[in-house]
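Q: Please take a close look at one helix in this model and at what surrounds its hidden side chains. Please then carry the description outward from there.

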Amino acid sequence: MKLNIEGLLVYFPYDYIYPEQYSYMLELKRTLDAKGHGVLEMPSGTGKTISLLSLIVAYQRAFPLDVTKLIYCSRTVPEIEKVVEELRKLMEFYAKETGEVNNFLALALSSRKNLCIHPEVSALRFGKEVDGKCHSLTASYIRAQRHSNPDQPVCRFYEEFDSVGRQVPLPAGIYNLDDLKDFGRRKGWCPYYLARYSILHANIVVYSYHYLLDPKIADLVSKELAKKSVVVFDEAHNIDNVCIDSMSVNITRRTLDRCQNNVDTLQHTIQRIKDTDAAKLREEYRRLVEGLKEANVARETDVYLANPVLPDEILQEAVPGSIRTAEHFLGFLRRFLEYLKSRLRVQHVVQESAPQFLKDIFEKVCIDRKPLRFCAERLQSLLRTLEIADIADFSAVTLISNFATLVSTYSLGFTIIIEPFDDRTPTIANPVLHFSCMDPSIAIKPVFQRFQSVVITSGTLSPLDIYPKILDFRPVTMASFTMTLARTCLCPLIVGRGNDQVALSSKFETREDFAVIRNYGNLLLEMSAIVPDGIVAFFTSYVYMENIVASWYEQGILENIQRNKLIFIETPDAAETSMALEKYQEACENGRGAILLSVARGKVSEGIDFVHHFGRAVIMFGVPYVYTQSRILKARLEYLRDQFQIRENDFLTFDAMRHAAQCVGRAIRGKTDYGLMIFADKRYARADKRGKLPRWIQEHINDGSLNLTVDETVQLSKHFLRQMAQPFRQEDQLGLSLLTLEQLQSEEMLKRITQIAHQA
Amino acid sequence: MASLSEEVLLVVKKVRQRKQDGTLYLMAERIAWGPEGKDRFTVSHLYSDIRCQKISPDGKAKVQLQLVLHTGESTTFHFANESTALKDREAAKELLQQLLPKFKKKANKELEEKNRMLQEDPVLFQLYKDLVVSQVISAEEFWANRLGGLNNAEPAPYTNKQEVGISGAFLADIRPQTDGCNGLRYNLTTDIIESIFRTYPAVKQKYSENVPHNLTEKEFWTRFFQSHYFHRDRINTGTQDIFSECAKQDEKGLKSLVNKGVKNPLVDLLSLEDKTLDEGYGIKQALPSTSNSNKTVKESSNAAIIKRFNHHSAMVLAAGARKNEVPADQASETSSTDGNSRDSDFFQPPVKKVKLQEAIEYEDLQRENRQKTVALNLKKSDRYAHGPVPLQSQKYTTSQDIINAVNCIRHEMANYKPNLTQVMSSTAASSAVAALSPGGVLMQGGAQQAINQMVPSDIQGELKHLYVAAGELLRHFWSCFPVNTSFLEEKVIKMKSNLERFQMTKLSPFKEKLQRQYLGTNLTGHLEEMLQTAYSKFHIWQTRRMMRKT
């Protein structure tokens, strides 16, 4: 259908539309009009992606000069592929409606592992191996060596791409990962480099967060993306953790040992080169004197995305003299390494800030702040000069030099914690230096600064106001959308008591309490008897799940559950869990029914959907608080309190509730879907917890279902399931939660739609 | 003795039946008893006729064995050899126990099958009535090549009954009960044993390796329940345990399952993440690699339980699905031979595509919810349109030819100019039209159409039955040619007489009936013609045989 969104003609590739989709597009358009950032929460399964794509593509077509590119970031590979498929659908609709082939170029970009077509390289199993092998075949000096030595193996796909691939841009169209591979095979071009090259002129790029947020990758891939782009972070409820992860460094003894080896290797290489080809090193020296001026020019003219690891000041200066020659730099690295080794020889936990660390290093080994800041840049230059084939081997020294640069660049937002041993095993010495980022805004800041509109969206972003705070940006729109429903297809229930009136809670004091564990078991047992097909249960942590499963086994509860359904359990091993997941789906599929025991914050809770019969009920055992005793977390909480005035408890609850919402939201993936959401912990009833659930869940919790016993839960569930099992047709929805174009245009409906968006 | 070729499995002397001493014989297909001193059996039952056997209680003075037949009759044998009576009876019982189920299944299955076929196919039933009930041919003859044909075409959809799966909790059903004196009692039923075997093939293998020779059945199960294999939370202690190997095998099986990976990319957690952080980056520290060594016993036992549950569920699921997988495999193999499969992945969207499409679909946003249909995969649509053609006659008209022909005709019609000087006179033309109209001189054949109005419907029905029956008999007859074995010779002679009998008892009365009703048309002419052809064929064959013999 063709929609009129405040004067913008939007092609929407379906015959009907959900009211909230319309409302979502309105808000999105206002964000784009204002050239600002937005935070939008819309329930999963209400067609968020297609609304986003429809509107932004229409906007791009209407104002080609204002918005030149859409950068769509998602989290997992299947998500990325789904987005591209939806986009394909939209484009097909465009072609059908307008009758003209439009010249849109949209493509997905993923790591080499998912794009490589080289027969040997793509056979490798791990991403890192693929990257390393690829690098050893495509690095510039490897290819230069080939001129003198034709036996040197190179990648023919890259060679082919390099010689002709850049001359003609990729023909317009929609390229998913497999399409890129097909295209690459047909042409004999490397799909990965083709995609990386093509994102510069593509209208729509779909890739993973890391390509924008991880400075190490962003610098390679996304540096030159146009400023007038719209950036969308989908499934962004965890975006702060992604930011923090990309900026944090852990150093163990093993790292340092490997780093020592790296330095030795470098030493040998330098010695060898000095004997054979001293001119090369002299050339490098000259370049370093010239400084990083080129990069500076580029950044001033606003061509590049700023790299938070490479601060502005560096660009204006030349590399300091003390580390300019290769030998001096190695000596410098050695000293730094020795210093780190001495720091790891501690008996007690040390926590300090970056300035303290710098002061200490200056006093002990006379290392200045300035050369430290250039460490990462200097090492890159050296590795290039020395023509090191396999960069992967030098990951340790790269890590150390990145750490050096980071610690000397940021005085705020980071903390250094040195722990002599793991808390759980105090007898085994295993010293770790955590350099942890506490401020997610550091990594994301360049994105907000560079791009005209950044939209953060997800099914669960409540409370909305916390994201702008912790990511430090000023959104122009913030809205949460409810789910309009013709029938209440979700049923959140809070189970607070067992049948014996024992309060159910996963809080620390009652964690080992047999009465609680038994009642949890009873709850699962009773539910397994009444819920058809699949049930997914989430525990707060893996250890907790292990303990509960063990005592359920001892008490024979699991065996009784087995009478009703098969049991599958998530394990720390991803391959094993994948197998269990597939079997779980098979068991749901063939009518036997199954239960999946899983962990909040685990891989399953983050990336797997349980549509329709794969998840008719989700049970959340306990409140998934993060492990609060960790020093890193404590430091972060402190930082949040001091910098952003967010109280510790607020943040912890927010974090727990967003994970709980993610878990229970896995079961509802659309309006025709239905499912029970059972919160098995009495603490969920409290207003501060409940209030942090997304609005579309919150509004279906009625006061009567705040503190149920197991029996009452079973009764309510039975009732709910019986109602939901009735046939549900399109006509039932029409006019309420599903609109035709005429219905949408009616005055009354438009009034109702304005109420869907809840401005924060 | 009755027949020489029978294999005698067991001979028990001094067995009384109806107060008569005699000898009991257990043979490959039947059980028989003959009185002493006579060389014929007075009692003989096929195993398939026996419904069950009963034995007298241990304490009784008389050691007896009773056979109950399907017909309800029963025969009682009294083992009279004082010293070995009990042993004799046990031996006979054991053997019968093994033999009876085999035959029972076979017999029942056959009977059921026949019954079902007759019920489902009214034509066949009529045929059965015509031929067997009226004793034109015997029941065996009738079924002889029917069932054979059916057995070959086994996987008809309705014969494929749904396999009964295994309860997930079969191990829970054998909860031990304390017997009051420091012991545990496990109750095993054959169902549970079968479940265990189907779920854990390794145990079955152990069972077949050990049970009669090394251990008794009871010992085997006792050990099973004592083993850590059953109690998976106990960490491996002894190695002399016969089940430790099973555990290893299971482990291997699980590993291979895991290594096989998953077909559905949406649940593959390994490839979910696009770009992982390099080692050393990130907040969450990686688990130390030495974690296995410093894990407490409790932790690793917990992990073992979890593993076990995953494995158990997977095996239960697999045991239920095993039966269905086999034909699927075969189907895929056969389809790969027809030459189409080479590029079948071009036609069939891979799992990934399908799953992705499913994932992005909003069925309620689309207007018409069309029924999902299976796409027809055609590689050579030409072949589909024209059907299979024998290799020699490749000159079928292609659609292009037909179009050309039509065009040609159209062209000629367009250019048609009546040559008025050479037309027929109007009277000649009208008489030609009259002759060509229905009822006209040249359309006499049209009378044939009326046959269904001329003949009453009951006669029509009878005629149909006759045709079917005759066809069946003729099929039997012709299937004997070329006659190259003595069996076929016998059969062809028998069939000839069957045909004659058919003509006598069925066809002739029908003919007379027709004549009585003054139905002029010769309805049975064709039938007789067919029979005549068969007879003449028979005569030719017979004279040839005679000639060869002389």
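A: In helix α6 of chain A, which spans residues 140-148, the buried residues are A:Y141, A:I142 and A:R143. Buried here means under 20% relative accessible area, exposed means over 50%, and partly exposed is in between, with a 1.4 Å probe and the protein chains only. Helices are DSSP runs of H or I with at least four residues, strands are runs of E with at least two, and both are numbered from the N terminus. The model is a predicted one, in which local features need pLDDT of at least 70 and side-chain atom pairs count only at pLDDT 80 or more, while totals for chains, interfaces and linings use all residues. Residues are numbered from 1 along each chain as its sequence is written, chains are lettered from A and ligands numbered from 1 in the order in which they are written, and side-chain values use heavy atoms, with hydrogens and water left out.

The cover over the buried residues of α6(A) includes three helices of chain A: α5, α7 (156-165) and α20 (375-386). Contact, here and below, means heavy atoms within 4.5 Å.

Helix α5 of chain A, residues 127-138, also leads to the largest cavity, since its four residues are the largest share of that cavity's lining. A cavity is a set of points on a 1 Å grid over the protein atoms alone where a 1.4 Å probe fits but cannot get out, and lining residues have an atom within 4 Å of a point. Eight cavities of 30 Å³ or more are found in a search of the whole structure, and the largest has a volume of about 100 Å³. That volume is the space filled by probe spheres set on the points, which are joined across faces, edges and corners. Of the 13 lining residues, A:C116, A:H118, A:C134, A:C155 and A:C190 lie nearest the centre of the largest cavity. By class, its lining holds 10 nonpolar residues, two polar and one charged. Ala, Val, Leu, Ile, Met, Phe, Trp, Tyr, Cys and Pro count as nonpolar, Asp, Glu, Lys and Arg as charged, and the others, Gly among them, as polar.

Two further buried residues of chain A can be described by their neighbours. A:D240 belongs to helix α12, residues 239-247, and counts as buried because its relative accessibility is 0%. Leaving aside residues up to four places away in sequence, A:D240 touches A:P440, A:I470, A:L471, A:R636, A:F651 and A:R658. A:S605 lies in helix α28 of chain A and, at 1% relative accessibility, is likewise counted as buried. With residues up to four places away in sequence again left out, A:S605 touches A:F538, A:V599, A:A600, A:Q662, A:C663 and A:R666.

Helix packing comes next. In chain A, α24 (residues 514-530) and α25 (residues 542-554) pack at an angle of about 80°, and their axes are 10 Å apart. Axes are lines fitted to C-alpha atoms, for helices over the stretch in contact, and angles run from 0 to 180 degrees between N-to-C directions. The two helices are therefore roughly perpendicular to each other, a term for angles of 65 to 115 degrees, with under 35 being roughly parallel, over 145 roughly antiparallel and the rest oblique. From α24(A), the residues A:F514, A:I517, A:Y520, A:G521 and A:L524 meet A:Y544, A:I548, A:S551 and A:W552 of α25(A). This contact comprises seven nonpolar residues, two polar and no charged ones.

A second crossing joins the two chains: the axes of α27 of chain A (residues 574-589) and α7 of chain B (residues 244-260) come within 8 Å and cross at roughly 85°. That angle makes α27(A) roughly perpendicular to α7(B). Here A:A575, A:E576, A:M579 and A:K583 meet B:L254, B:L257 and B:V258. In this contact five residues are nonpolar, none is polar and two are charged.

Some backbone features lie in loops. A cis peptide bond with omega of about -10° joins A:S462 and A:P463, and A:P463 is in the loop between β13 (453-458) and α23 (466-471) of chain A. A:C366, although not a glycine, has a positive phi of about 55°, and is exposed, with a relative accessible area of 55%.

How values were computed. On a 1 Å grid over the protein atoms alone, a cavity is a set of points where a 1.4 Å probe fits but cannot get out, and a pocket is an open set with protein on both sides within 12 Å along at least five of seven lines; lining residues have an atom within 4 Å of a point.
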